[in-house]
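Got your viewer open? Load the model, switch to a cartoon view, and let's take a walk through it.

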Amino acid sequence: MKYLLIYNPNSGTKRDNERLLQGVKELIEKEGHTAELRETKAEGHATRIAREAVKSDVDVIVAVGGDGTVNEIGHALTGSDKVLGIIPNGSGNGLARELRIPMNAKAATSTLLRHHVTTIDTCEANGECFFVTCGIGLDGMISEEFADSDTRGPATYVKETVSLLLNYKPSDYLITIDGREVTATAYLVAVANASQYGNNAFIAPNASMSDGMLDVTIMKPFSEIDAAKIALQLFTKEIDKSDYTSMYRGRDIVITSSQPVPYHIDGEPKKAVSRLEVKVHSKKLRVIAGSDEDRDKNIVELFQSIIGAR
């Protein structure tokens with residue numbers, strides 16, 4: 001098989017990237033396949049490289065990087081017969097975690113070579129493609145802070161969330177879900193194709209990437225006293241049990257507010273808007289997924305990262 005590895009040099013560290021890429025390439029070639037490396041030069045470049053590859057005889061197009069790189073390449077592959085592979089090398093790694101791909105490059109390459117292909121739903125928010133989650137309100141601001149942070153990982157995510165909560169003012173929203181109107185004063189409205197943002201923070205625990213539906217989580221205002229409990233529920237897949245959340249499901253979601261509010265798609269911060277239209281497209285992207293064994297590895301790595309961040 002022919003593999004094209006598209007990598008973002010700004011993910012990880014330069015020294016680690018060189019070793020990571022060479023190790024992945026060697027493992028692929030050791031199994032009798034061919035592997036080509038292509039480096040991205042700027043935002044949008046990964047999409048252009050992947051679009052060219054869709055017209056070629058490459059079998060698997062691999063994103064080596066974070067959620068932004070995965071999003072760009074996945075966008076180009078949507079609706080094609082090409083397969084997306086992922087070697088996680090970012091901070092949140094939302095799609096990789098959802099697909100049970102290990103965070104370790106060597107283990108992720110083993111998953112890649114097992115070539116278990118599944119087809120997932122894709123989404124768009126105000127015309128822009130995403131695969132995992134989008135959200136408006138507090139999580140839009142968290143994405144901005146997280147993007148500017150010098151350190152990443154679960155501990156930083158929790159720290160930024162708690163810090164913003166102290167001064168964040170909730171917004172009033174009108175949410176239309178397949179024609180049904182819901183009003184809410186909320187910290188955030190998240191629309192999820194997958195169950196988590198990334199970093200194993202599960203905003204929609206029951207979401208599936210292959211059911212043709214979007215899961216909507218509305219988080220209402222809560223006190224500082226409840227913040228720690230909610231953070232725990234977020235990381236233990238129990239946010240849907242919180243007294244401060246309401247959950248809905250639908251295919252076409254429209255969120256409006258009286259004033260512009262920040263939002264994000266797959267963790268990438270976007271300019272504030274007063275209207276956000278979200279749609280799902282059933283089973284449009286072929287991806288390589290991991291196994292239950294890989295999922296267990298990710299859980300171990302999560303706890304190790306939290307312990308190491310203390």
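Below is a short tour, with something to select at each stop.

**The whole chain**

Keep everything displayed for a moment, and bear in mind that this is a predicted model. The protein chain has 310 residues, and 54% of them count as buried. Its secondary structure comes to 9 helices and 14 strands. Take contacts between residues at least 6 apart in sequence: 72% of them join residues at least 24 apart. Now turn on the surface if you like: the chain exposes about 14400 Å², and carbon and sulfur atoms supply 47% of that.

**Stop one: strand β4**

Select residues 83–88, which make up β4. Is this strand mostly covered or mostly open? It's mostly covered, with 6 of its 6 residues buried. Show the side chains and look at where they head: V83, G85 and I87 point one way, while L84, I86 and P88 point the other. Both sets are buried.

**Stop two: the partners of β4**

Add residues 60–65, which is strand β3. β3 and β4 pair in the parallel sense, over 6 bridges. To get from β3 to β4, follow the chain through helix α3, residues 67–77; this β-α-β crossover is right-handed.

Next, bring in strand β14, residues 268–288. It runs parallel to β4, and 2 bridges join them. Click on L84 and look to its partners: I61 stands opposite L84, and L84 also stands opposite V287 in β14.

**Stop three: D57**

Select D57, in the loop between α2 (45–54) and β3. Which residues does D57 touch once its neighbours within four places in sequence are left aside? They are K2 and K82. Zoom in on K2: it sits 55 residues away from D57 along the chain, yet their C-alpha atoms are separated by 7.5 Å. Show both side chains and you'll find a polar contact of 2.5 Å joining them. How covered is D57 itself? With a relative accessible area of 49%, D57 is partly exposed, because that label stops at 50%, and a residue has to be over 50% to count as exposed.

**Stop four: helix α5**

Finally, select residues 105–114, helix α5. Colour its buried residues: A105, A107, A108, T109, T111 and L112. At the start of the helix, find N104, where a side-chain oxygen reaches to within 3.0 Å of the backbone nitrogen of K106. Then hop to the other end: just after α5, H115 takes a positive phi of about 55 degrees.

Key. Residues are numbered from 1 along each chain as its sequence is written. This is a predicted model: local features need pLDDT of at least 70, side-chain atom pairs count only at pLDDT 80 or more; totals for chains, interfaces and linings use all residues. Side-chain values use heavy atoms; hydrogens and water are left out. Buried means under 20% relative accessible area, exposed over 50%, partly exposed in between (1.4 Å probe, protein chains only). Helices (H or I, at least four residues) and strands (E, at least two) are DSSP runs, numbered from the N terminus. Two strands pair if DSSP finds at least two bridges between them. A crossover is right-handed if, with the strands pointing away from the viewer, the path from the first strand over the helix to the second runs clockwise. Contact means heavy atoms within 4.5 Å. A polar contact is a pair of N or O atoms within 3.5 Å; within protein, one must be able to donate a hydrogen and the other to accept it, and residues adjacent in sequence count only if both atoms are side-chain atoms. Accessible areas come from the Shrake-Rupley method with a 1.4 Å probe; for residues, only the protein chains shown count as cover.
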